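Work through the following exercises with the model open beside the text. Each one sets a task and then gives a solution in steps.

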Amino acid sequence: MKKLRFWQSWSIGTRMAFITMLPVVFLFTSFVGYSWYSHRAQVAEELAERGRILAKALAETSEYNVISGNLADLRLTINGLVQSDKSIYRIDVVDVNQKVAITVASQAAVDAENRYYEAPIMKQVTWINLFSDNGVPHVSGSSDTKPPTFPTELVGYVRVTMSPSNMLDKQARRFQIELAMAALALAVSGALAYFLARSLTIPLNSSIGALREIRGGNYRVALAVTTGGEVGELQESITEMSVALGQSRQDLENKVAERTKDLVESRNEALRADADKRKLIQKVNSIVEDERKSIAIEIHDELNASLIAARLESQSILHLASKLEANPTIEEIKAKSAAITKLTLDLYASGRRLVRRLRPEVLDMLGLHGAVEEMIRHYDTAHPECRFEFHSEGDFTGLGNELAISAYRIIQEALSNILKHAGATHAQVTLTLSDAEHMLHIEIDDDGAGFSTGSTSSGIGIIGMRERVYALGGKIEFSSEPDRGTVISISLPTREEIIA
C-alpha cells in the first residue's frame, strides 16, 4: 500500500508538474506510437497494392511473349520496370510447370518482403465475325464495338516481390519530422508545467514559513498577499491571525507583568513586617487567587476568542476549497487548512488548561470534595506510573471559599512534589472533616524515595505549603525517611472567622 502512495511524500510543485505533464506525456507517447504504426501500415498497404497491380498488368501484357517464346523483349520490359521503381525487389515469370522462365532482380533494393504477389498469364482467344446477319461480308466495322475475348488456358504466372526499404526510408524521414514537432510540444508543455508549479509553490512556501514562525512564538509576521484565489485568501487570513495573536499576546504579557509587579511589591511589604507576616501572607494568597482568576478570565475572553476567530477563518478556507473540483493541489490546501485548525485547537486547549490551573472552575461547581476527587482522577489517568487514590469523610459543603482554595492548593502542591521528586508508585489523599473539633484534616501518603527531615532543606514547594497552613492558623507535619516514603499531615481550623 505504501508503494502505491509514494506520491504522498512529493511536494506541491512536483505534484502540480506531474498532474500537468501526465496527460501530455500520455498523448505524446500515444501520438508517437500511432504515427510509427500508421507509417509502417501505410508502407505495407502501398506495397501490397502496387505489387498486385504490377503482377496483374505484366500478366495481361506478357501473354504473347510467353506463348511465342519471345522472352527477350519481355525481359527488357521487366528490367526497365525494375530499374525505374526502387520498391520492386524482383520479378519472376514462370510457366505452368512452375519452371522459371525470366528472373529480373533489382540492384538498388536492399531487402525483400517474405511474400510475393502472383497473377496468372491466360491465353486469350478473340472472336471475330466476318459476316453480317444476312450473310454479306463486312466491308467496315463500327469503331464503337470491340470484339469479345475469352480466356482459354493457363500458360504461366507473373510473380512480383516488393522491397519495403525505400518506402520505409521516406516514411522514416516523415516520422522524424513529426517526432521533432511532438518533442518540441512536449518541451513547451514541460516548461509551462514548471512555471505553473512555481506560481503555486512560492506563495504556499511563504505561507508555511509564516505559520512556522507563528508556531515558534513570532506573531508579528508580515506576509504579503502575492496571488489571488484560495491561496491569496490563505495568505491574508494568516496575516490577520498573526496580527490578532500578536496583539493579544502583548496585551496579556503587559497585564501579567503589571500584576506580577504588584504581587511582588505586596509580598515584599508583607515580609518586612514580621509581626503581621502571616496575616499579610493570607492577604497575598487571596490577592494571588483573585489575580489568577482575573488573568484566567482575560485569557478565556480575549486569547481564546482570537483563537476561535482564527479557527473559523481556517475552516472558511477549507469550505471554499471544498467547493472546487477535487485534485491533489486542492487536497493539499485542505490539509494545510486542517493543520491550521488543529494548531488553533491545540492553542485553545493549552489556554483552557492554563485557565484551569489559574482558577479551578471545578472548585466553584463541585466544592472541595469534588474538586480534589477530580484532581486525583486526572493525576491517576495522566500518570500511569503512579497509582493515585482518594478517601474522604464528612460533609464539605459548608467550607468557606478561602479555606477550600487553600486546601486545594496545598494538595495540588503535594501531588506535584510527589511526581517531581518522590518517584512513587502509589499515593493516597485522605480528607476528613471533624465537626466536633472544627478541623479539616488532610493526609497525603506516598511510597516514594522519601527524605531526611532533619538534614534536608525545605524547597519552595514545602515552604509555600507551610506558609498557607500557617496563614490559616493550622498545623503541618512531615514524616519521612529515605526509601520509606513520605506522610504529610495537615490540620486546618474551620472557625467562622477563618472560613467566612
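**Exercise 1: Backbone angles in loops**

Gln98 is partly exposed, because its relative accessible area is 41%, where buried means under 20% relative accessible area, exposed over 50%, and partly exposed in between (1.4 Å probe, protein chains only). The model is a predicted one, in which local features need pLDDT of at least 70 and side-chain atom pairs count only at pLDDT 80 or more, while totals for chains, interfaces and linings use all residues. Residues are numbered from 1 along each chain as its sequence is written, and side-chain values use heavy atoms, with hydrogens and water left out.

Task: Determine where Gln98 is found, and describe its phi.

Solution. Step one places Gln98 in the loop between strand 1 and strand 2 (100–105), where helices (H or I, at least four residues) and strands (E, at least two) are DSSP runs, numbered from the N terminus. Step two turns to the backbone: although Gln98 is not a glycine, its phi is positive, at about 65°.

Task: Carry out the analysis for Asp483, and decide whether it is buried or exposed.

Solution. The place of Asp483 is the loop between strand 8 (475–480) and strand 9 (486–493). Asp483, again not a glycine, has a positive phi of about 70°. With a relative accessibility of 69%, Asp483 counts as exposed.

**Exercise 2: Salt bridges**

Task: State how many salt bridges a search of the whole structure finds, and examine the pair formed by Asp85 and Arg50.

Solution. Side chains of opposite charge can pair when their charged atoms come close. The criterion used here is a side-chain nitrogen of Lys or Arg within 4 Å of a carboxyl oxygen of Asp or Glu, and the search of the whole structure finds nine such salt bridges. In the salt bridge between Asp85 and Arg50, the closest N and O atoms are 2.3 Å apart. Because Asp85 lies in the loop between helix 3 (71–84) and strand 1 (88–95) and Arg50 in helix 1, the pair ties together parts that are 35 residues apart in sequence. For the surroundings of the two partners, Asp85 counts as buried at 13% relative accessibility, whereas Arg50 is partly exposed with a relative accessible area of 28%. Finally, a network of salt bridges links Glu46, Arg50 and Asp85.

Task: Describe the salt bridge between Arg484 and Glu481.

Solution. The side chains of Arg484 and Glu481 meet at 3.4 Å, N to O. Arg484 counts as exposed, with 67% relative accessibility, while Glu481 counts as partly exposed at 44%.

**Exercise 3: Helix spans**

Task: Compare the expected span of helix 4 with the separation of its end C-alpha atoms.

Solution. The expected span is 1.5 Å times one less than the number of residues. For the 51 residues of helix 4 (residues 165–215) this should give 75 Å, and the end C-alpha atoms are 70 Å apart, which agrees. Just after helix 4, Gly217 takes a positive phi of about 110°. Within helix 4 lies Ala191, whose C-alpha atom is separated by 9.8 Å from that of Met21, 170 residues apart along the chain. Ala191 is partly exposed, with a relative accessible area of 36%.

Task: Which residues of helix 10 are buried, and how does its span compare with expectation?

Solution. The 12 residues of helix 10 (residues 460–471) should span 16 Å, and its end C-alpha atoms are 16 Å apart, which agrees. Its buried residues are Gly461, Ile462, Met465, Glu467, Arg468, Val469 and Ala471. Gly473, just after helix 10, takes a positive phi of about 75°.

**Exercise 4: Internal space**

Task: Find which helices each supply at least two residues of the lining of the largest cavity.

Solution. A cavity is a set of points, on a 1 Å grid over the protein atoms alone, where a 1.4 Å probe fits but cannot get out, and lining residues have an atom within 4 Å of a point. The search of the whole structure finds two cavities of 30 Å³ or more, a volume being the space filled by probe spheres set on the points, which are joined across faces, edges and corners. The largest cavity holds about 60 Å³ of space. Its lining includes Leu234, Met241, Glu313 and Ile340, and the helices sought are helix 5 (229–272) and helix 6 (277–322).

How values were computed:
1 Å grid on protein atoms, 1.4 Å probe; cavity = no way out; pocket = protein on both sides within 12 Å on 5 of 7 lines; lining within 4 Å.
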